[in-house]
Amino acid sequence: MLLPILRWPDPRLSQPCAPAALDDDLRQLAADMLETMYAAPGRGLAAPQVGRLLRLFVMDVAWKAGAPAPMVFINPSVELLGDRVAGPEGCLSIPGPVTEVERSSQVRVRWTDLDGAAREELFDGFAAICIQHEYDHLDGLLTLDRLSPEARAKAEAEVLA
Ligand code: NI
């Protein structure tokens, strides 16, 4: 089922999310979020973006260039590794501006998957950036919150234009 995607400045996008419990409701939510992400179209979507304040996000960094490879991250933790790099980021909740955000080039992620298994993996490249972006959503942080005051004002004006 396609879910409506909340848009900034909806206050639910700025709230920290609670731990998620793996049950049938969460499995359905993850499936709906993947469907919504592909339709948007996007490569990542966090639960608060569909109004559910839970620590869950979905990602597929492969499907736009080839076969789909959906991933579901339940209660993730992210360890920042590598160098700091700045790159362009969009957000389905902030249609319009692509903002320049500084991130770590590599992350180690620990999470629970849809089978309830504990997973740990290293990510770099676009996946590392996407994970940091989606993880920020779980803490109520948007790309706008990581910009200088000047860059934020410019981006906000672009959204509200
Ligand atoms: Ni986003």
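1. Leu56 has Ile74 in E3 as its bridge partner. The strands are E2 (residues 56-59) and E3 (residues 71-89), antiparallel over four bridges. Two strands count as paired if DSSP finds at least two bridges between them. Strands (E, at least two residues) and helices (H or I, at least four) are DSSP runs, numbered from the N terminus.

2. The model is predicted: local features need pLDDT of at least 70, side-chain atom pairs count only at pLDDT 80 or more, and totals for chains, interfaces and linings use all residues. Residues are numbered from 1 along each chain as its sequence is written, and side-chain values use heavy atoms, with hydrogens and water left out.

3. E3 also runs antiparallel to E4, joined by twelve bridges. One of the pairings links Ala86 to Glu102 in E4.

4. E4 (residues 99-112) pairs in turn with E5 (residues 118-124), antiparallel, over seven bridges. Gln106 is bridged to Asp124 in E5. E4 and E5 make a hairpin with five residues between them. Check Gly116 in that turn: its phi is positive, about 85°.

5. Which protein atoms serve as donors to the nickel ion? They are Cys91 (SG), His133 (NE2) and His137 (NE2), at 2.1 to 2.2 Å. Donors are N, O and S atoms within 2.8 Å of the metal (3.2 Å for Na, K and Ca); water is not among the atoms, so sites may look incomplete. The donor spacing in sequence is C-x41-H-x3-H.

6. Both histidines sit in helix H2 (residues 125-138). His133 and His137 are four residues apart, about one turn of the helix. Both are buried (under 20% relative accessible area; exposed is over 50%, partly exposed in between; 1.4 Å probe, protein chains only).
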